[in-house]
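Thanks for coming, everyone. Today I would like to walk through one structure slowly, for those who have not met it before, so please have a look at it first.

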Amino acid sequence: MSVTSVQSMNNQSLMNINDKMLDNIDLVSDIEQAVTLEELKEVFKYCFRCGVNWEQRHVSLDCLECGGYSLERPCPICAGHCRNVWKRDLEESHRSGEASWIGECSSKCKEMGRDVNQICNRLEKVKATF
């Protein structure tokens, strides 16, 4: 290997490094334009179907994703008799396009067994579609 071939390899390596640095500069400018995690979390608090802001307790009564409530609702199993508040499952609501909730019922409906809970859940789904 001659000195000139070593020199040309070094020049080629420097050009590759320089190109990679320029690519990284472009990447940094792209990141500056990207949405932050906080901004993305804020977007999740809006209904993707009708656009209302759930955080401000806005809701659309005829929207499946809203389901008639914002970020919280009374227990859907016993219609709020247990006084438990259920939280909206934001990820599932957006993914499925239908209201989805996380919570537990502490009423007698729950104590009466799993079959009654299934019936209550089915009734709630039927009620939500009308």
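I will start with one pairing of residues: the bridge partner of arginine 88 is tryptophan 101, which belongs to strand β3. Before going on, please keep in mind that what we are looking at is a predicted model.

That bridge belongs to a pair of strands, since β2, covering residues 85-88, is joined to β3 by two bridges, and the two strands run antiparallel. Stepping back to the whole sheet, we find three strands in the order β1-β2-β3, forming an open sheet with antiparallel pairing. The edges are taken by β1, residues 72-74, and β3, residues 101-102, and because each has a single partner strand, one side of each is left without a neighbour in the sheet.

How does the rest of the chain fit around this? Altogether the chain has five helices and three strands, and if you read along the sequence, these elements follow the pattern α-α-β-β-α-β-α-α.

Now let me come back to tryptophan 101, and to its ring. How many aromatic pairs does a search of the whole structure find? The search finds one, and it is formed by tyrosine 69 and tryptophan 101, whose ring centres are 6.2 Å apart and whose planes stand at 90°, so the pair is edge-to-face. This pair links distant parts of the chain, because tyrosine 69 sits in the loop between α2, residues 37-44, and β1, while tryptophan 101 is in strand β3, 32 residues apart.

Are the two partners buried or exposed? Tryptophan 101 has a relative accessible area of 16%, so this residue is buried, whereas tyrosine 69, at 29% relative accessibility, counts as partly exposed.

There are also arginines placed over rings. Arginine 73 lies over the face of tryptophan 101, at 5.7 Å from the ring centre, and arginine 88, the bridge partner of tryptophan 101 that I mentioned at the start, lies over the face of tryptophan 54, at 3.8 Å from the ring centre.

To finish, a few values for the chain as a whole. The chain has 130 residues, of which 22% count as buried, and it exposes about 10,000 Å², with carbon and sulfur atoms supplying 56% of that area. Finally, among the contacts in the chain with a separation of 6 or more, 30% are between residues 24 or more positions apart.

Methods. Residues are numbered from 1 along each chain as its sequence is written. This is a predicted model: local features need pLDDT of at least 70, side-chain atom pairs count only at pLDDT 80 or more; totals for chains, interfaces and linings use all residues. Side-chain values use heavy atoms; hydrogens and water are left out. Two strands pair if DSSP finds at least two bridges between them. Helices (H or I, at least four residues) and strands (E, at least two) are DSSP runs, numbered from the N terminus. Buried means under 20% relative accessible area, exposed over 50%, partly exposed in between (1.4 Å probe, protein chains only). Contact means heavy atoms within 4.5 Å. Accessible areas come from the Shrake-Rupley method with a 1.4 Å probe; for residues, only the protein chains shown count as cover. Rings of Phe, Tyr and Trp (its six-membered ring) pair if their centres lie within 6.5 Å; planes under 30 degrees apart count as stacked, over 60 as edge-to-face and the rest as tilted. A charge sits over a ring if NZ of Lys or CZ of Arg is within 6 Å of the ring centre and within 35 degrees of the ring normal.
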